[in-house]
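Here are my notes for your first read-through. Keep the model open beside them and find each residue as it comes up.

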Amino acid sequence: MEGQPNLYNQYQFISQQNLLNIDTSGVGVGDRFPQWNIQETKDFLMIRGEMDQNFMETKRNKLLWEVIATKMKEKGYNRSAEQCKCKWKNLVTRYKGCETTEAEALRQQFPFYNELLAIFMERMLRMEAEEEENDEDSEEEKGSNKKKRKLKGNTSSSRSSNVASGNLKEILDEFMKKQMELEMQWQKEYERREEERKIKEMEWRQTMEALQNERLMMEKRWREREEQWKMREEARAEKRNALITALLNKLRSEDTSAIS
């Protein structure tokens with residue numbers, strides 16, 4: 001292929017530059033590096049997605065990983081090629097773990113699921129376009145049709161990129177639709193629970209008011225009984241005093257008659 005030696009020389013230059021940067025930094029592969037933050041990982045996935053076709057076309061992945069490390073340094077991140085390669089493997093492993101389960105909660109716990117899904121969807125569409133192109137080319141003669149295949153490859157790549165962008169838009173629209181449905185379900189559930197809470201609160205208040213009224217009635221009846229008891233005691237005391245007074249008067253009258 002034309003232009004491939006220049007690309008290879010560029011990869012060699014970038015590889016040597018990265019090796020020099022790693023050696024002068026004084027940090028080995030086995031040493032511990034700072035953790036990847038969310039923005040750094042998203043930038044890394046964007047670079048890796050742009051170069052995904054290169055990874056599928058060549059086996060010299062080491063040179064490609066060093067190109068990615070150089071682009072990461074251009075964005076202000078100090079990551080080696082080996083770190084980028086290990087990070088990609090870990091992200092793919094977590095993505096496959098989310099793919100094998102239907103629980104939406106697990107996918108939400110992995111914040112880079114949509115980025116990886118877009119990369120693999122674009123790869124699948126690109127492979128399907130290449131398979132269709134190979135099926136068409138297998139029916140034609142070899143040799144003189146190589147230039148035509150190159151032209152078809154360029155048009156098919158542009159077509160596949162358009163299809164990939166269209167499918168990615170559909171995926172994002174479907175994702176947003178599901179998000180809206182989940183929000184609506186959550187809103188309905190929240191309103192239902194709020195209504196139940198209000199009903200229970202009203203029932204509790206009614207119960208407390210009934211208990212309060214019953215307590216007031218009991219206190220009223222107790223006061224009435226106490227008032228009646230006091231009245232009976234007063235009546236008994238008056239009768240007792242009247243009887244004692246009558247006896248005293250009788251005794252005095254008898255004493256007076258006896259003296260006279």
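**Notes on the fold, the core and the surface**

1. Start with contacts across the sequence. Take the contacts in the protein between residues at least 6 apart in sequence: 61% of them join residues at least 24 apart. Bear in mind that this is a predicted model.

2. Next, the overall make-up. The protein has eight helices and zero strands. Its pattern along the sequence reads α-α-α-α-α-α-α-α.

3. Now burial and surface. The protein has 260 residues, and 21% of them are buried. About 20,600 Å² is exposed, with 53% of that supplied by carbon and sulfur atoms.

4. Look inside. Which residues touch the most other members of the largest nonpolar core? They are Phe44, Ile68 and Trp88, in a core of 27 residues. Four helices each supply at least two residues of this core: H2 (38-50), H4 (61-74), H5 (81-99) and H7 (113-138). H5 gives the most, with seven residues.

5. Stay with Ile68. Set aside residues up to four places away in sequence. Ile68 then touches Phe44, Ile47, Arg48, Met51, Phe55 and Cys84. Phe44 is thus named twice: it is a partner of Ile68, and it is among the core residues that touch the most other members.

6. Helix H4 deserves its own check. H4 has 14 residues. From first C-alpha to last it reaches 20 Å, close to the 20 Å expected at 1.5 Å a residue. Its buried residues are Leu63, Leu64, Trp65, Glu66, Val67, Ile68, Ala69, Thr70 and Met72. Glu66 is on that list, so do not skip it when you colour the helix by burial. Just after H4, Gly76 takes a positive phi of about 100 degrees.

7. Arg123 sits in helix H7. Is Arg123 buried or exposed? Its relative accessible area is 16%. The cut-off for buried is under 20%, so Arg123 counts as buried. Beyond its neighbours within four places in sequence, Arg123 contacts Arg48, Asp52, Met56 and Trp88. Arg48 also touches Ile68, and Trp88 is one of the core residues named in point 4.

8. Finish on the outside. Trp204, Met208 and Leu211 form a nonpolar patch on the surface. Together they have about 330 Å² of accessible area. Met208 belongs to helix H8, residues 146-259. Met208 counts as partly exposed because its relative accessibility is 39%, between the 20% and 50% limits.

How values were computed:
Residues numbered from 1 in each chain as written. Predicted model: local features only at pLDDT ≥ 70, side-chain atom pairs only at ≥ 80, totals over all residues. Heavy atoms only, no water. Core = buried A, V, L, I, M, F, W, Y, C linked by side-chain atoms within 4.5 Å. Buried < 20%, exposed > 50% of the residue type's maximum accessible area, 1.4 Å probe, protein only. Contact = heavy atoms within 4.5 Å. Expected span 1.5 Å × (residues − 1). Areas by Shrake-Rupley, 256 points an atom, 1.4 Å probe, with all protein chains shown as cover. Patch = residues over 30% accessible without salt bridge, like charges linked within 9 Å, V, L, I, M, F, W, Y side chains within 5 Å. Salt bridge = Lys/Arg side-chain N within 4 Å of Asp/Glu carboxyl O.
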